[in-house]
Amino acid sequence: MHTQSQPLLWQYFINAVKQEVKPALGCTEPISLALAAAKAASYVNGEVIRVCAFVSPNLMKNGMGVTVPGTGMVGLPIAAVLGAIGGNADAGLEVLKSATPDAIERSKAMLAAGLVTVDIKKPCDDVIYSEATVYTETESATVMIARTHTHIVKIIHNDNIIFDITQGEQQSSSPVDCAADIPLPIVTAKAVYNFATQAPLEDICFILEAAHLNDALSQEGLRNVYGLHIGRTLQTQRDRGLLSKDLMSEIMIRTSAASDARMGGAILPAMSNSGSGNQGIAATMPVVVTADYLQSTEEQLARALMLSHLMAIYIHNQLPALSALCAATTAAMGAAAGIAWLLESRYEVVAMAISSMIGDVSGMICDGASNSCAMKVSTGASSAYKAVLMAMDNSCVRGSDGIVSDDVDQSIANLCALAAGSMKHTDVQIIEIMAAKAR
């Protein structure tokens, strides 16, 4: 039964998913810096001769060890210079999609000549922050991105400020299609469930694009060797008889293969969730694999994917944008919801599965974006399936255990409070360890 408030709430949900579930080529932290550099380069004339960039500590953490698509190189410097030389300033998180081989070679030459610098911004109050200054012989331009991966807050051309929202000025629009915050009403896991399972199909079927994009990444990860090639390795060992050929192993293999390809530099976009391709993969692939196994209809897949992605957004909305908590695990909690609905279609099973996951993988840290992220994605996917199987047997981690509450929304709030509170100190130490390794 629909209430009068449901259409408004449901429209908020649709807007939130369309805002937070977007195609992204490459890890979104270096891509954010590439976008800043590409936008800065669009304001200058002549050949780019130098790039100087600054990023937040968390963005540095997530950009140090990830492969930039098409380059075979890791790190923020190649992302910054390639954005300046070969990036499309109007392509958002797909800024490097059209970078040519010539642009890549010129970028590598500039790196080798020591003409690109990337340092940590001090002080920096924003968890997500990218600043790139691009120089030609006669001009310079600086672009600053903050709060989200595409939100431009300031542009300077030849020392003249031409756009600035850092001082509280009201602007009619941003120079790019930025992911501005949507003020969601107070919602619950049950409201998310009701929307995904009851909304008109034509309003939510756009989410099927997530299946198409992330499954293509998965297939690429199984065809070729990327990063730690976890998906290919598990598949090989399954063929040897060391893993069972069942739904659990198929979820692990196809999900981790997509992350392998993404983190290993495949030139294919991922459908991201909450600014992260790995979160998008974690929220998508376990659901897709389960739907394939069950031979679900397109409508069932669409509803399960909407439940998964929106649940992931609901949880991530209570987290810092970047933190010491591995958000691939919280995105996999969304996948648990989607899998549970496909198998049993009862809200109680969905809630129990999420609670069990909070009791299982809540302590996994984020130590920067790298090839090892595919291990964490695989762990989250297997935890999701295990939690669903428990819930189908009316078993879950109960409110008497650890940080889990008998109310799933409170369990989520408890987990997110840890990430927003005490785990801030964990994040500082992680960054210190990684910085020491880089020296």
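## Exercises: charge pairs and helix packing

Arg254 and Asp215 form a salt bridge, with their closest N and O atoms 3.2 Å apart. The two partners come from distant parts of the chain, 39 residues apart: Arg254 sits in helix α10 (residues 247-263), Asp215 in helix α8 (residues 208-223). The model is predicted. The exercises start from this pair.

**Exercise 1.** Work out whether Arg254 and Asp215 are buried or exposed.

*Solution.*
Step 1. Take the cut-off: buried means under 20% relative accessible area.
Step 2. Arg254 has 13% relative accessibility, so Arg254 counts as buried.
Step 3. Asp215 has a relative accessible area of 17%, so Asp215 is buried.

**Exercise 2.** Find a salt bridge of Arg254 within helix α10, and the network that contains Arg254.

*Solution.*
Step 1. Arg254 forms a salt bridge with Glu250, and the closest N and O atoms are 3.9 Å apart.
Step 2. Both residues lie in helix α10. They are 4 residues apart, about one turn of the helix.
Step 3. Glu250 has 22% relative accessibility and counts as partly exposed.
Step 4. Now widen the view. A network of salt bridges links Asp215, Arg238, Glu250, Arg254 and Asp292.
Step 5. Set this against the total: the whole structure holds 15 salt bridges.

**Exercise 3.** Describe the salt bridge between Glu220 and Arg223 in distance, spacing and exposure.

*Solution.*
Step 1. The side chains of Glu220 and Arg223 meet at 3.0 Å, N to O.
Step 2. Both are in helix α8, 3 residues apart, so about one helical turn separates them.
Step 3. Glu220 is buried, at a relative accessible area of 13%.
Step 4. Arg223 is partly exposed, at 49%.

**Exercise 4.** Glu29 is buried; determine which side chain of opposite charge is nearest to Glu29, and what surrounds Glu29.

*Solution.*
Step 1. Glu29 is in helix α2 (residues 28-41).
Step 2. The nearest side chain of opposite charge is Arg262, 6.1 Å away.
Step 3. Apply the cut-off: a salt bridge needs a side-chain nitrogen within 4 Å of a carboxyl oxygen. Glu29 has no salt bridge.
Step 4. List the contacts, leaving out residues up to four places away in sequence: Glu29 touches Leu59, Asn62, Leu76, His149, Gly275 and Leu322.

**Exercise 5.** Characterise the packing of α10 and α11.

*Solution.*
Step 1. Two packed helices are described by the angle between their axes and the distance between the axes.
Step 2. α10 and helix α11 (residues 277-294) pack at about 145°, with axes 9 Å apart.
Step 3. The crossing of α10 and α11 is right-handed.
Step 4. On the α10 side the contact includes Glu250, Arg254 and Arg262; on the α11 side it includes Asp292.
Step 5. By class, this contact of α10 with α11 holds 10 nonpolar, 5 polar and 4 charged residues.

**Exercise 6.** Do the same for α12 and α13.

*Solution.*
Step 1. The axes of helix α12 (residues 298-316) and helix α13 (residues 327-343) come within 8 Å. They cross at roughly 145°.
Step 2. α12 passes α13 in a right-handed crossing.
Step 3. Among the α12 residues in contact are Arg303, Leu307, Met311 and Ile315. Among those of α13 are Gly334, Gly338 and Trp341.
Step 4. The contact of α12 with α13 divides into 12 nonpolar, 6 polar and 1 charged residues.

Definitions and conventions
Residues are numbered from 1 along each chain as its sequence is written. This is a predicted model: local features need pLDDT of at least 70, side-chain atom pairs count only at pLDDT 80 or more; totals for chains, interfaces and linings use all residues. Side-chain values use heavy atoms; hydrogens and water are left out. Helices (H or I, at least four residues) and strands (E, at least two) are DSSP runs, numbered from the N terminus. Buried means under 20% relative accessible area, exposed over 50%, partly exposed in between (1.4 Å probe, protein chains only). Lys and Arg count as positive and Asp and Glu as negative; His and the chain ends are not counted. Contact means heavy atoms within 4.5 Å. Axes are lines fitted to C-alpha atoms, for helices over the stretch in contact, and angles run from 0 to 180 degrees between N-to-C directions. A crossing is left-handed if the near helix is turned anticlockwise from the far one by less than a right angle, and right-handed if clockwise. Ala, Val, Leu, Ile, Met, Phe, Trp, Tyr, Cys and Pro count as nonpolar, Asp, Glu, Lys and Arg as charged, and the others, Gly among them, as polar.
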